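Reader: I am new to this structure and would like to be led through parts of it. Could you take my questions in turn?

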Amino acid sequence: MAKISVIIPVYNTEKYLARCFESILNQNFTDMEVILVDDGSTDNSPSLCDEYAARDNRVRVVHQPNAGVSNARNHGLEIAHGEFIHFADSDDFLEGNFYQDLYNLAQSSGADVCCSVYSLETKNGDFVPATIKEELLIMSREDALTALLSARRVSYSLCDKIFKRDVIKDVKFNEEISHNEDYVFCYEAIKRANIVAYTSQLYYRYCNNPTSTVRSAFSHKRMTAIDAHEYVLNDIKNNIGTLYRFAKAQYCKVVLYTRELMKEANYNEPDDVARLENTIRRNLVFIMFSRLAVGYKLLAIRYAAKSILRHG
């Protein structure tokens with residue numbers, strides 16, 4: 001059994017595949033299997049995946065009709081055998097000794113989930129890391145959930161973490177959610193963990209692919225980010241009430257952010273606009289007394305007022 005299974009959904013990213021695959025296969029940690037799930041690509045990605053499988057016996061390729069990234073990840077989970085799971089996106093790449101360092105951290109700490117730090121590519125091609133200080137933390141389940149819900153240290157991202165497979169064996173991606181589905185998965189994984197480790201070391205590079213889902217034009221699918229946060233909020237309310245205020249603050253933040261994205265994109269679908277503005281209106285008092293930044297509070301006042309003017 002491999003120590004780490006790397007699951008990589010692939011969809012029309014031929015331009016980036018070599019960089020991604022080489023950054024994984026050339027690391028000094030070699031005890032891995034790499035599962036490439038070709039999700040119905042129509043470019044040269046399938047052939048490139050097959051080439052890497054022929055070249056390196058650690059690589060397996062699954063070709064399937066297009067069903068979305070969550071379905072592809074679920075397919076990868078079904079056939080993965082590693083002690084730990086890592087998810088990578090095919091248009092990104094890794095630096096440093098990601099697998100060796102995080103696997104060693106898992107062994108030394110007994111952690112079920114190990115988290116690191118990622119950086120984002122700017123339009124100029126530079127990579128900007130999160131503002132961090134040198135840290136190594138071993139956290140309880142509740143401390144890690146607090147960090148996730150408050151978006152401090154533990155990010156929403158799947159790709160800067162490794163997960164113990166036995167801990168996430170019952171966790172699947174919700175295929176109805178196309179935005180922030182990774183947030184829900186991380187929440188469910190950490191909820192099942194006993195120990196979570198965090199290192200401020202930076203390994204994962206999120207690249208600026210203009211065709212990716214995250215950077216696509218606003219559409220109704222973006223509203224599934226709200227569904228994701230509502231799911232977590234309700235689960236917290238029913239099962240871990242002590243963290244409810246953290247979850248609600250983050251939920252309100254995402255609602256406000258999504259409404260502002262709508263405005264910038266000139267997206268005016270009435271039901272979606274009403275859903276967000278009514279949510280802001282109902283939660284205005286909470287928002288004003290929360291720890292959200294002043295900018296979010298000003299947005300809340302503006303959109304709550306619009307809700308009142310529209311609906312009385």
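**A pocket and its surrounding helices**

Author: In this predicted model, the second largest pocket holds about 420 Å³ of space.

Reader: Which element gives the largest share of the lining of the second largest pocket?

Author: The lining of this pocket is made up of 16 residues, and those nearest its centre are Ser150, Arg152, Ala249, Arg291 and Leu292. By class, the lining has nine nonpolar, three polar and four charged residues. The largest share of the lining, five residues, is contributed by helix 8.

Reader: How far does helix 8 reach from its first C-alpha to its last, and what residue follows helix 8?

Author: Helix 8 covers residues 244-265, which is 22 residues, and at 1.5 Å a residue a reach of 32 Å is expected. The model comes close to that expectation, with 31 Å from the first C-alpha to the last. After helix 8 comes a residue with a positive phi, near 55°, and that residue is Asn266.

Reader: Are helix 6 and helix 7 roughly parallel or roughly antiparallel to each other?

Author: Helix 6 spans residues 181-192 and helix 7 spans residues 224-239, and their axes lie 9 Å apart at an angle of about 25°. Because angles under 35 degrees count as roughly parallel, helix 6 and helix 7 are roughly parallel.

Reader: Which residues in helix 7 are met by helix 6?

Author: The residues of this contact divide into seven nonpolar, one polar and three charged. From helix 6 come Tyr183, Val184, Tyr187, Glu188 and Lys191, and in helix 7 they meet Ala228, His229, Tyr231, Val232, Asp235 and Ile236.

How values were computed:
Residues numbered from 1 in each chain as written. Predicted model: local features only at pLDDT ≥ 70, side-chain atom pairs only at ≥ 80, totals over all residues. Heavy atoms only, no water. Axes fitted to C-alpha atoms, helices over the stretch in contact; angles between N-to-C directions. Helix = DSSP H or I, 4+ residues; strand = E, 2+ residues; numbered from the N terminus. Parallel < 35°, antiparallel > 145°, perpendicular 65-115°, else oblique. Contact = heavy atoms within 4.5 Å. Nonpolar A, V, L, I, M, F, W, Y, C, P; charged D, E, K, R; others polar. Expected span 1.5 Å × (residues − 1). 1 Å grid on protein atoms, 1.4 Å probe; cavity = no way out; pocket = protein on both sides within 12 Å on 5 of 7 lines; lining within 4 Å. Points joined across faces, edges and corners; volume = space filled by probe spheres on them.
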